[in-house]
Amino acid sequence: MSKKTKEILKKNDVKSKSEMDSSLVDETKKKKKGPKARGKTYFNVTTLYTIAIANIAIVTFGLHQIYYLYYVQPQLSVTKSDLPIVSYTSPDSLLKWSTYRPHLYFGLRNRHPESPLFGLLWYEQPSEKSLLYNTPVRHWCENGDSIKNYAWLYHDGKSYGKQRINDEKYQLNTSFISEGQSWSAHVSIKNTTKTAKKNIALIFYFASQDNKTLFVYDERNKKIRGNSKNFEHFELQFHSNNDVDQTFLFNTTIINPVYYKEYIMKNSKLVKEKKRYALPTTSPVKETTTPQKFVAVQFNFKLSGDVYITYRTKVGNIYHGENYNEKLKEKANNFLVKFEKQFNLNKKNASAAHKHMGRIALSNMLGGIGSFYGSNIVKSKYSSTDYLLYYGPHSLLTSVPSRSFFPRGFLWDEAFHNILIRKFDPELSFEILGSWFDTINVEGWIPREMILGSEAQAKVPSEFIVQKDDVANPPAFFYLIDQILHNHQFVESHKESLNRLYPRLQLWYNWLKKSQTGPKKGLFRWRGRDDNVDKVLNSKTLASGLDDYPRASDPSEDEYHLDLRCWMAFCSKVMRQLSEVIKSDQIDVIESLRQEENELNDYETLKKYHWSEESQSFADFGNHSMKVTLENELYRDNNGYLQYKWYRKLWQPAKLRFVDDVFGYNSIFPFLLKQIPPKAPELKIILTKIGDPEILWSRYGLRSVSKSSPYYNKRNTEHDPPYWRGNIWININYMALSSLRYYADIKGPYQTMSLHLYEKLQSNVVSNIANEYKKTGYTWENYNDQNGAGQGTRPFNGWSSLVLAMLSGDFN
């Protein structure tokens with residue numbers, strides 16, 4: 001290698017110090033830009049801020065969703081509508097007393113939520129060797145009591161009533177007259193057998209429900225004097241001409257009304273020298289100065305006796321003795337005059353027995369009106385848990401179906417009650433109607449049952465207390481409003497009230513359309529059917545009001561129900577009619593409702609979705625097996641004992657089809673709501689089946705399910721006997737008579753056939769109810785289709801009282 005070459009290489013390899021330093025720095029930088037250490041992040045401040053804001057937004061949104069889903073939405077279920085209330089009750093009217101405690105044999109209160117409570121107990125003094133707790137004590141109406149019968153003979157629903165109670169050995173007569181805020185009452189008892197030799201104890205109680213109502217005993221004047229912020233000054237006094245002992249029981253605390261009887265009996269003591277039980281105090285001393293909240297007064301009568309009770313305030317008169325008896329006769333005469341004017345039974349040539357039964361039916365309907373206050377217990381459809389909410393409080397004025405078994409409000413029952421009440425007292429009826437619609441929630445739901453207050457809850461099995469806000473009930477109030485709209489005089493004089501009703505009615509109608517919608521537009525499905533069908537013959541549809549009436553064997557979202565579509569079509573017609581009265585200047589609203597009415601009442605569409613050519617009948621559609629039975633088999637339990645196990649057996653698989661192995665009340669709903677054209681051939685088919693003894697016809701009324709149906713009189717479970725599977729129900733028979741009369745009066749080829757069926761059915765139903773009333777002293781919940789016997793609970797002052805409307809022949 002030459003010297004020159006070596007110099008060139010040396011020049012290229014050797015760098016200056018500055019160049020070497022620069023090179024080292026670059027190498028260091030390269031090393032620093034190598035892989036990042038795990039767990040370390042390098043962001044600028046802006047990025048960190050953005051991430052923080054995003055996380056906060058996500059968490060906030062999540063919390064908001066949780067708050068909305070688990071609190072806000074469920075609260076919709078228990079939030080009352082803020083629409084103007086329908087039923088305005090003046091403060092003075094709230095303080096008027098009546099028998100608004102229908103679950104008692106005799107009890108009074110006013111309509112104020114904190115009203116004092118008045119009631120009656122009685123019992124026959126036990127023998128010396130018997131104990132008091134083994135003695136039957138009458139207080140609440142109970143089917144288990146061995147009372148022969150009890151009924152209001154006269155009652156105007158508000159201010160006057162007279163009742164007769166036939167106990168085993170005694171007859172009690174109770175009556176009351178209410179004027180203003182004062183009232184008077186009379187209770188008499190007499191022996192009706194030769195075997196009764198024991199004394200009778202009558203116990204009256206008066207109780208405060210609030211801390212502002214206090215009273216003391218005025219020993220000198222023998223009266224209870226009280227004062228209240230809500231009820232001002234009052235005096236309660238007992239008057240008896242009989243030489244009887246009086247004993248007392250006082251308490252300074254508020255007692256739950258459910259336990260009044262237990263409290264009184266627990267504090268009753270045996271008076272050995274007189275060989276009878278009595279309340280602990282004979283001469284109140286302390287109670288003359290110490291304010292009290294509960295008092296009971298006992299009278300011991302030897303075989304018979306009577307007591308007048310007066311409650312005096314600054315407003316209204318009181319009566320006792322002959323003055324009371326004369327006033328009672330005057331009230332009875334006024335009642336009879338009004339009764340005949342409204343129902344025209346004399347002009348109808350009704351027999352004396354039928355007129356008596358009709359008067360009793362109306363009086364017991366009116367005497368069954370109660371005033372209730374409290375909250376519903378609700379399971380919200382928005383809640384995925386079993387979390388329960390309170391909806392209320394509500395003040396409800398309603399008639400009850402049965403004083404002994406159903407002493408509470410039922411939504412669809414109440415519409416039928418008011419068909420009768422409206423005829424006798426339209427103002428009272430509209431007040432009841434408004435009271436119900438004032439309970440509607442912000443979405444449009446009205447509870448199916450109104451179980452308000454501790455006394456109402458005490459009469460209901462726990463599994464039925466909770467109401468579900470996606471479950472409806474037949475909108476039968478539209479049936480009632482349709483009748484109201486035919487009373488043009490009432491409509492003209494009550495436009496302001498109807499104007500307040502309209503938006504709440506519309507809210508309910510819209511809720512029904514939305515919440516009970518079916519698989520297609522114009523089809524509807526009752527909610528609430530239980531899809532756990534392993535142990536039931538056919539899952540109940542309580543929402544429909546027809547309870548165990550057979551539907552599709554396997555509940556699904558694909559099913560749709562005939563009766564509900566008919567109800568919705570009927571509702572659309574009434575909404576349009578009412579809009580023409582209330583919103584006559586709003587043409588667009590009326591036309592919109594008319595279009596909806598036309599769509600829902602299109603008869604060809606009804607046939608398309610609900611008419612079965614195979615069975616020649618209207619029917620539900622759903623996932624249904626035509627062969628299902630309820631079977632049982634023996635097995636040994638854990639203790640080695642033989643037991644029966646009940647289960648459902650499916651002999652054929654269910655498939656989507658018409659539920660047409662059942663013909664009954666549901667099948668004739670297009671007829672019941674007058675939606676079949678008078679010339680339609682289907683009308684003749686329906687009329688023929690109605691009149692066929694092997695299908696619906698019986699000598700006592702129309703049965704609920706055809707005798708040829710596999711579900712006829714079949715149990716639903718081991719402990720659940722048939723209910724709407726053959727028995728005769730009076731509300732549906734009333735609707736059938738109304739429709740038969742309609743088709744008899746309207747031009748068409750089946751007028752004569754309709755009239756013939758109408759006359760025979762009216763005679764059959766009225767005669768049977770009258771015969772059973774004569775035999776038992778009661779109207780009944782339903783009637784046996786084989787022998788006409790009254791069945792279910794009694795007295796049933798509910799829709800079975802429509803026998804009076806049938807008797808008068810007035811179906812609007």
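**Why these labels?**

User: How do you know whether Phe570 is buried or exposed?

Analyst: This is a predicted model, and in it Phe570 has 5% relative accessibility. Buried means under 20%, so Phe570 counts as buried.

User: And what about Ile56: what makes it buried or exposed?

Analyst: Its relative accessible area is 52%. The cut-off for exposed is over 50%, so Ile56 is exposed. You'll find Ile56 in helix α3 (residues 45-77), and together with Tyr49 and Ile53 it forms a nonpolar patch on the surface with about 340 Å² of accessible area.

User: Why is strand β14 (residues 294-302) called largely enclosed?

Analyst: Because 8 of its 9 residues are buried, the rest of the structure largely encloses it.

User: Which strands run antiparallel to β14, and how do you know they pair with it?

Analyst: Count the bridges. Strand β7 (residues 199-207) is joined to β14 by 9 bridges, and strand β11 (residues 246-251) by 6. Pairing takes at least two bridges, so β7 and β11 both qualify. To find the register, look for Tyr205 opposite Ala296 and Thr247 opposite Gln298.

User: How many aromatic pairs are there, and what makes the one of Tyr260 and Phe294 tilted?

Analyst: The whole structure has 61 aromatic pairs. For Tyr260 and Phe294, the ring centres are 5.5 Å apart and the planes are at 50°. Centres within 6.5 Å make a pair, and an angle that is neither under 30 nor over 60 degrees is tilted, so that's the name this one gets. Tyr260 is in helix α5 (residues 260-266) and Phe294 in strand β14, so the pair ties together parts 34 residues apart in sequence. Tyr260 is buried, at 0% relative accessibility, and Phe294 is buried at 0% too.

User: What makes the pair of Tyr479 and Phe570 tilted?

Analyst: These rings are 5.9 Å centre to centre, with 35° between the planes. That angle is again neither under 30 nor over 60 degrees, so the pair is tilted. It links distant parts of the chain, with Tyr479 in helix α11 (residues 477-485) and Phe570 in helix α14 (residues 562-582), 91 residues apart. At 5% relative accessibility, Tyr479 counts as buried.

User: What makes Lys338 sit over the ring of Phe424?

Analyst: Distance is part of it: the charged end of Lys338 is 4.5 Å from the ring centre, and the limit is within 6 Å. Lys627 also has its charged end over a ring, that of Trp651, 5.6 Å from its centre.

User: Why do the side chains of Lys223 and Glu235 count as a salt bridge?

Analyst: They meet at 3.1 Å, N to O, and the cut-off is within 4 Å. Lys223 sits in strand β9 (residues 223-228) and Glu235 in strand β10 (residues 234-239), so the pair ties together parts 12 residues apart in sequence. Both residues are buried.

User: And how do you know whether Glu492 and Lys495 are buried, partly exposed or exposed?

Analyst: Glu492 is at 54% relative accessibility, so it counts as exposed. Lys495, at 35%, counts as partly exposed, since it falls between the 20% and 50% cut-offs. These two form a salt bridge as well, with their closest N and O atoms 3.7 Å apart.

Terms used
Residues numbered from 1 in each chain as written. Predicted model: local features only at pLDDT ≥ 70, side-chain atom pairs only at ≥ 80, totals over all residues. Heavy atoms only, no water. Patch = residues over 30% accessible without salt bridge, like charges linked within 9 Å, V, L, I, M, F, W, Y side chains within 5 Å. Areas by Shrake-Rupley, 256 points an atom, 1.4 Å probe, with all protein chains shown as cover. Helix = DSSP H or I, 4+ residues; strand = E, 2+ residues; numbered from the N terminus. Buried < 20%, exposed > 50% of the residue type's maximum accessible area, 1.4 Å probe, protein only. Phe/Tyr/Trp six-rings, centres within 6.5 Å; stacked < 30°, edge-to-face > 60°. Lys NZ or Arg CZ within 6 Å of the ring centre and 35° of its normal.
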